[in-house]
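Here's a quick briefing to read with the model open beside you. Have a look at the structure first, then work through the notes below.

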Amino acid sequence: MPSLLRRPWALVLGLAVIVGGAAVWYALPSHGTQPGPVVIRVDQAGYVSNAGKEAFVMGSEDELAGAHFDVVDTAGRTVLDGRIGPRTGAWNAGYDSVRTLDLSALTRPGTYRLRLAGTATAESPSFKVAPAAELMKGLAEDNVRFFQAQRDGADLVPGVLDRKPSHLTDRAATVYAAPHYDKDGTELKEPLRRIGGPVDVSGGWFDAGDFLKFTHTASYSTAQLLLAQRSLPDTPGLAAEARHGLDWLDKMWDGRSRTLYAQVGMGAGSKDVRSDHDVWRLPQDDDALEASGPDRMLKNRPVFRANEPGAPISPNLAGRVAAVFALAAQTDAKNDPDRARQWLAKAAAVYQQADTGHTGELVTVFPHSFYPEDSWFDDMEFGAAELALSAKELGDMRAERWQDEAGDWARKYIASDSRGTLGLADVSALAHADLIKLGPSQAAADDLRRQLDGGERRAAKDPLRAGAVYTDFDAVPHTFGLVATARLYARATGDHRYDTFAEQQRGWALGANAWGTSFMIGTGEVYPHCPEHQVANLAGSLTGTGKVLRGAVVNGPNGSGKLTEHNSFDRMRSCEAGSAEWKRFDGKGARYLDHVGAWQTVEPADDFTSTALLAFALSAG
């Protein structure tokens, strides 16, 4: 989860945005959307023409008992009708019945709405039906826009948020020893100690709604962008954005001294030193600060190393950074083999330096509590698999050795007690899929099924088919991770048993959930209006229209106990959208808020968005 900072067709009359202490109301599209006892939930991004299609209706069992539905086109013509399907369970006290609506017979491309009649009346947001490539390419392109908005340094894409060059002092940054924090990771215990520099660590992406830059998260996101490029290469801006992330990671690896830099910026400070999380501002404001005093680490941001020069590297970082460089080699192999061999050499060097006898805490970020991680066998498998694939493409004799090592790391991961599903802390799905690409691996295929079977079991018990845990952090990115894993499994094995599950999960993340909101900004008619993101808040819209952080994926619902406190800063523009209405749809211990201070639900992050982008790319064909 991000540390600082990291919406409802849902039949809401209006949303309140509080600006300067005054509530300003603006209306959502008004197709019969007044708060009512019955609501319809659809995938607001749209449904694939030749795939199964499921929507949901929530209400009381008495109201829904005699209801039927119509699907109407933009001219109001009925193109499909039917009875509502079986009850899948109760959501909360106000919605004691959730029923399915089977729209699979709707295959003609177009834009539609659902209407209920009979014993209940309601109307859905609009949704599209279109071929997979058309739907997914548009969603992926929006994700690319988010990464463009996250750029740091001089090489910017201004976009609708009018981004300006920022943190130009990162071109000559000072290196400091790893900081020491209290047990909560909130207070620096002693002054920083300078150990080197200057180094050029300019560029890259902001990690989330703050301005920190981490090798841990950037390597995960860059790998996914490169994998997405493999599947959907003609997505506008994708190749350039993947290269932007790659170029920054290349700066974070000093091959001459064999040093990997882990972080740029202060995650937590002290009473004498303000950190990135102590000030709400635009990123270019940091360049105008004084070089001394409490803001000195905001203007001249510190760099922290992952290892001493030449010393072993924490294997989680070594594995995934090696994987990124090896993926770059694969990308360049056909058109620029000399450059590809340079990437392969860098990948091999980082991989070889991994601390494979590691014990204790892994290096992720500082403070470690921002992004804890226990697993590293998966990262090493990922690195070895991509090295092997690169070597095969380039005719390198080390391919067989790396393939064998990838298999060994996979077996160690599968035998461990730190197995998860695709997300920032677990890349086994990416590693397994490419291990199978190298040659048959029943163990890897079985473990991919293990990840998907767990999601299917949860979805079967959930009224709205959620396969991820929505009472903890990262529900939405884990949902997209399940979608990506299902697609990776199908491509690797030819087994399409999880295709319907993948469609359900994508639908849940994009509107077919209890709250009736897409968790990707700009997608559908209802999406987050008030993300906890400094640039979006200070330079963008507070009403969900115009200057929005399009393509950003947020955490989504979280456990209600995790939302007792909100962030607040002096310059933060107050923004709270529809809180009273969202409360009506909270249930099963989960809560959702569209509130600028609710980092637990509406802070976007690079890893969230890159996982969605990969899921869309893999779903395109």
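Let's start with Asp 338, which counts as exposed at 54% relative accessibility (exposed means over 50% relative accessible area, buried under 20%, and partly exposed in between, with a 1.4 Å probe and protein chains only). Bear in mind that this is a predicted model, where local features need pLDDT of at least 70 and side-chain atom pairs count only at pLDDT 80 or more, while totals for chains, interfaces and linings use all residues. Residues are numbered from 1 along each chain as its sequence is written, and side-chain values use heavy atoms, with hydrogens and water left out.

**Salt bridges**

- Asp 338 pairs with Arg 341 in a salt bridge, at 3.5 Å from N to O (the criterion is a side-chain nitrogen of Lys or Arg within 4 Å of a carboxyl oxygen of Asp or Glu).
- The two sit three residues apart in helix α7 (residues 337-352), so about one helical turn separates Arg 341 from Asp 338; helices here are DSSP runs of H or I with at least four residues, strands are E runs of at least two, and both are numbered from the N terminus.
- Arg 341 itself is partly exposed, at 43% relative accessibility.
- Glu 141, Asp 142, Arg 145 and Arg 550 are joined into one network by salt bridges that share partners.
- Asp 162 and Lys 164 also form a salt bridge, with their closest N and O atoms 3.4 Å apart.
- Both ends of that pair are partly exposed: Asp 162 has a relative accessible area of 41%, and Lys 164 comes in at 37%.
- Arg 301 and Asp 170 bridge at 2.8 Å, N to O.
- Arg 301 is in the loop between α5 (296-299) and β18 (303-305), and Asp 170 is in the loop between α2 (132-149) and β13 (173-176), so this pair ties together parts 131 residues apart in sequence.
- Arg 301 and Asp 170 are both buried.
- Across the structure, the salt bridge count is 45.

**Where α3 meets α6**

- The axes of helix α3 (residues 215-231) and helix α6 (residues 315-332) come within 9 Å and cross at roughly 30 degrees (axes are lines fitted to C-alpha atoms, for helices over the stretch in contact, and angles between N-to-C directions run from 0 to 180 degrees).
- α3 and α6 are therefore roughly parallel to each other, a label for angles under 35 degrees (over 145 is roughly antiparallel, 65 to 115 roughly perpendicular, and the rest oblique).
- By class, the contact of α3 with α6 has nine nonpolar, eight polar and two charged residues (nonpolar covers Ala, Val, Leu, Ile, Met, Phe, Trp, Tyr, Cys and Pro; charged covers Asp, Glu, Lys and Arg; the others, Gly among them, are polar).
- Thr 222 lies in α3 and is buried, at 0% relative accessibility.
- Leaving out residues up to four places away in sequence, Thr 222 touches Trp 205, Ala 242, Gly 245, Leu 246, Leu 249 and Val 324 (contact means heavy atoms within 4.5 Å).

**Helix α10**

- Of the 11 residues in α10 (residues 428-438), 10 are buried, so the helix is largely enclosed by the rest of the structure.
- Its buried residues pack against α3, α8 (377-394), α9 (399-414), α11 (442-461), α12 (475-493) and α17 (606-619).

**Phe 69**

- Phe 69 is in strand β6 (residues 67-73) and is buried, at 3% relative accessibility.
- The C-alpha atoms of Phe 69 and Lys 412 are 51 Å apart, with their positions 343 residues apart along the chain.
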